[in-house]
Amino acid sequence: MSRTLRAGAFLDKGGTGKTTTVAHLGVALSELGRDVLLVDLAGKQADLAKNFGVWDEYSERIEAEDDWPNVSTAFREQWGRIASKLGDEAVEGMIFETGEGPDIIPAHPGLDGLDTELNEIEDTHERYSRFDDFLTEYVEPLDYDFVFLDLPGSTNNVSYNGLWAVRNVVVPVEAGPFEARQAGRLRDDLSRISSSFDVELSLTMLVLNKTDSRTRLSAEFAEEYKQEYPEAVASAQVPRSQAIRNAANDGKTLFASDASSTTAERAREAFMENAEELLKRL
Ligand SMILES: Nc1ncnc2c1ncn2[C@@H]1O[C@H](COP(=O)(O)OP(=O)(O)O)[C@@H](O)[C@H]1O
Ligand SMILES: [Mg+2]
């Protein structure tokens with residue numbers, strides 16, 4: 001029996017497409033027949049749940065204080081006791097169906113204070129491995145084929161927990177005036193994190209996102225990354241497409257949208273191709 005595959009989208013920067021990538025690769029993986037669970041550790045704005053239109057239901061629960069246990073509870077020292085008391089309900093109560101294939105564990109406001117709380121754990125192994133333990137002991141038995149984490153756009157104890165748990169990092173990058181020259185920084189960041197963990201993180205896939213075939217900046221940027229990371233760069237680039245934004249605003253991915261612009265079609269194909277490639281690389 002094979003273990004659940006794990007990956008996480010991470011970059012120490014906001015707005016490059018982490019949430020979009022997790023949502024779309026998640027749906028693409030389920031189109032490929034995999035049972036997928038997406039987990040949002042990226043913070044209380046709960047973008048992943050909004051991207052799938054499940055935020056309204058969840059925020060009502062939060063307001064009614066019917067939101068316990070939630071994803072932040074899984075990081076707590078008392079989690080083991082809570083889980084054994086509640087049984088299967090402990091994890092199953094956190095999971096929502098998206099209607100597009102993947103299941104999702106949405107972010108929760110409780111993630112906010114976690115960085116500081118985890119900082120108080122002196123033993124670094126314990127500080128960084130709480131989420132790994134949760135996945136191994138409580139999520140693996142649910143038999144998902146693939147668990148994909150949406151991680152914060154900053155390095156803190158929550159993103160460290162996510163990285164520690166998955167080891168395989170998917171990084172969406174976006175062309176910008178400073179980006180090309182900073183291509184090398186990503187490797188430095190990952191190796192710095194790897195050495196502070198004493199575990200090896202691998203740059204499993206680097207996705208060039210929001211590319212525009214008409215601009216030189218975009219082409220130069222793609223070249224720079226291909227030279228710097230020939231193994232990691234995904235073969236399909238994801239074009240900048242207004243349809244992606246529109247779909248997100250409607251609480252769905254491009255796969256559930258009927259947008260038929262050239263960029264929308266190309267983006268769908270790119271996500272499908274990259275999902276297949278991701279499965280091969282893991
Ligand atoms: N390929 C794309 N084309 C157009 N808009 C995109 C694309 N990828 C992401 N976006 C939009 O860019 C914004 C930031 O993306 P998001 O996935 O939320 O980034 P992150 O999670 O890294 O902060 C969102 O409004 C999203 O809809
Ligand atoms: Mg995000």
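Let's start with one contact: a nitrogen atom of ligand 1 sits 3.0 Å from a polar backbone atom of Pro239. This is a predicted model, where local features need pLDDT of at least 70, side-chain atom pairs count only at pLDDT 80 or more, and totals for chains, interfaces and linings use all residues. Residues are numbered from 1 along each chain as its sequence is written, chains are lettered from A and ligands numbered from 1 in the order written, and side-chain values use heavy atoms, without hydrogens and water.

Here are the polar contacts of ligand 1 (pairs of N or O atoms within 3.5 Å):

| Ligand 1 atom | Protein partner | Distance |
|---|---|---|
| oxygen | Lys18, polar backbone atom | 2.8 Å |
| nitrogen | Pro239, polar backbone atom | 3.0 Å |
| oxygen | Arg245, side-chain N or O atom | 3.1 Å |

On its own, ligand 1 has 560 Å² of accessible area (Shrake-Rupley method, 1.4 Å probe), and the protein covers 84% of that.

Who's around it? The shell of ligand 1 holds 15 residues (a heavy atom within 4 Å), the closest being Gly15, Lys18, Thr19, Thr20 and Ser241. Helix 1 (helices are DSSP runs of H or I, at least four residues) gives the most to this shell, with 3 residues.

Ligand 1 takes up the space of the largest pocket. A pocket is an open set of points on a 1 Å grid over the protein atoms alone, where a 1.4 Å probe fits, with protein on both sides within 12 Å along at least five of seven lines; lining residues have an atom within 4 Å of a point. A molecule sits there if more than half of its atoms lie within 2 Å of the grid points. The lining has 25 residues, with Gly15, Gly17, Thr20, Lys210 and Arg245 nearest the centre. Helix 11 gives the most to this lining, with 5 residues.

Terms used
Polar contact = N/O pair within 3.5 Å; in protein donor to acceptor, adjacent residues only side chain to side chain. Helix = DSSP H or I, 4+ residues; strand = E, 2+ residues; numbered from the N terminus.
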